[in-house]
Amino acid sequence: MFTEITAAYQSLSTVVQLAKTVQQAATQVEKNEVLLGMQNAVLDLQSKMMAMHAKMDELAEVRRAAEAKLIAYENWNAEAEKYQLFNIGFTGRLVMALKPSHAAGAPDHWLCPNCFEKKEKSYLNRENARYTEFKCIRCGYKVNYDASDPREIRPREVRVLR
Ligand SMILES: [Zn+2]
């Protein structure tokens, strides 16, 4: 941006200098030469101003994208606060479990820890007829959990899926 401003300022200085020179021209031929030079300098200034505006538009877009990223980051942090990494089941697999204190009426569900690390919310859905296998719909991560198995972990702070 600084480069574009400097270039536009230099072009403007040239136009101003030529405007002063045209008054000092002794003959009409000299005036016409200076005016022709001024015309070219004005066109150059116009070009530099357009480059400056293009750069300003580009910077405005960068700012909008940065603001959108910041909002997405803040939204993700608020969403991520609702979940807790939990070692579930005797097979020792991990899930992101919805904290009961943050459920706010949402049904019990687990999220994929791999996708969660990438700031993507992806549900672990039941896959088999006995409803013991849960699979990430995005990356394929699998967890086996059978709520009827006495060996399964049943944490008090995390609601298990039945
Ligand atoms: Zn996943």
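In which loop does Arg138 lie? Arg138 lies in the loop between E5 and E6, and the account below returns to that loop after following the chain from its beginning. The structure is a predicted model, in which local features need pLDDT of at least 70, side-chain atom pairs count only at pLDDT 80 or more, and totals for chains, interfaces and linings use all residues. Residues are numbered from 1 along each chain as its sequence is written.

The protein contains 3 helices and 6 strands; helices (H or I, at least four residues) and strands (E, at least two) are DSSP runs, numbered from the N terminus. Along the sequence these elements follow the pattern α-α-β-β-β-α-β-β-β. Of the 162 residues, 12% count as buried. Here a residue is buried if 20 or more other C-beta atoms lie within 10 Å of its own, exposed if 12 or fewer, and partly exposed in between, with C-beta atoms placed from the backbone. Among contacts between residues at least 6 apart in sequence, 39% join residues at least 24 apart, where a contact requires C-beta atoms, placed from the backbone, to lie within 7 Å.

The chain opens with a pair of helices. Helix H1 (residues 2-24) packs with helix H2 (residues 28-80) at an angle of about 160 degrees, and their axes are 8 Å apart. That angle makes H1 roughly antiparallel to H2. Axes are lines fitted to C-alpha atoms, for helices over the stretch in contact, and angles run from 0 to 180 degrees between N-to-C directions. Angles under 35 degrees count as roughly parallel, over 145 as roughly antiparallel, 65 to 115 as roughly perpendicular and the rest as oblique. The residues of the contact of H1 with H2 comprise 17 nonpolar, 4 polar and 5 charged. In this division Ala, Val, Leu, Ile, Met, Phe, Trp, Tyr, Cys and Pro count as nonpolar, Asp, Glu, Lys and Arg as charged, and the others, Gly among them, as polar.

After H2 comes a loop that leads to E1, and Lys82 lies in it. Lys82 is partly exposed, because 17 other C-beta atoms lie within 10 Å. Leaving aside neighbours within four places in sequence, Lys82 is in contact with Leu98, Lys99 and His102. Lys82 and Ser101 are 19 residues apart in sequence, and their C-alpha atoms are 8.1 Å apart in space.

The strands can now be considered. Strands of a sheet pair through backbone hydrogen bonds, either parallel or antiparallel. Two strands are taken to pair if DSSP finds at least two bridges between them. In the order E1-E2-E3, 3 strands form an open sheet with antiparallel pairing. E1 and E3 stand at the edges, each with a single partner strand, so one side of each is left without a neighbour in the sheet. Strand E1 (residues 83-88) pairs with strand E2 (residues 93-98) over 6 bridges in the antiparallel sense, and Tyr83 stands opposite Leu98 in E2. E2 also pairs with strand E3 (residues 110-111), again in the antiparallel sense, over 2 bridges. The bridge partner of Ala97 in E3 is Trp110.

Another open sheet of 3 strands has the order E4-E5-E6, with antiparallel pairing. Strand E4 (124-126) and strand E6 (142-144) stand at its edges, each with a single partner strand, so one side of each is left without a neighbour in the sheet. Direction ignored, neighbouring strands of this sheet are turned by 30 degrees against each other on average. E4 and strand E5 (residues 133-136) pair in the antiparallel sense over 3 bridges. In E5, Lys135 is the bridge partner of Asn125, and Phe134 is the bridge partner of Arg126. E5 is joined to E6 by 3 bridges, and the two run antiparallel; in E6, the bridge partner of Phe134 is Val143. The covered face of E5 holds Phe134 and Cys136, while the uncovered one holds Glu133 and Lys135.

The loop named at the outset belongs to the hairpin of E5 and E6, which has 5 residues between the strands and in which Gly140 takes a positive phi near 90 degrees. Arg138 is partly exposed, because 15 other C-beta atoms lie within 10 Å. Leaving aside neighbours within four places in sequence, Arg138 is in contact with Cys112, Cys115, Glu120 and Ser122. Arg138 and Leu124 are 14 residues apart along the chain, and their C-alpha atoms are separated by 9.0 Å.

Definitions and conventions
Contact = placed C-beta atoms within 7 Å.
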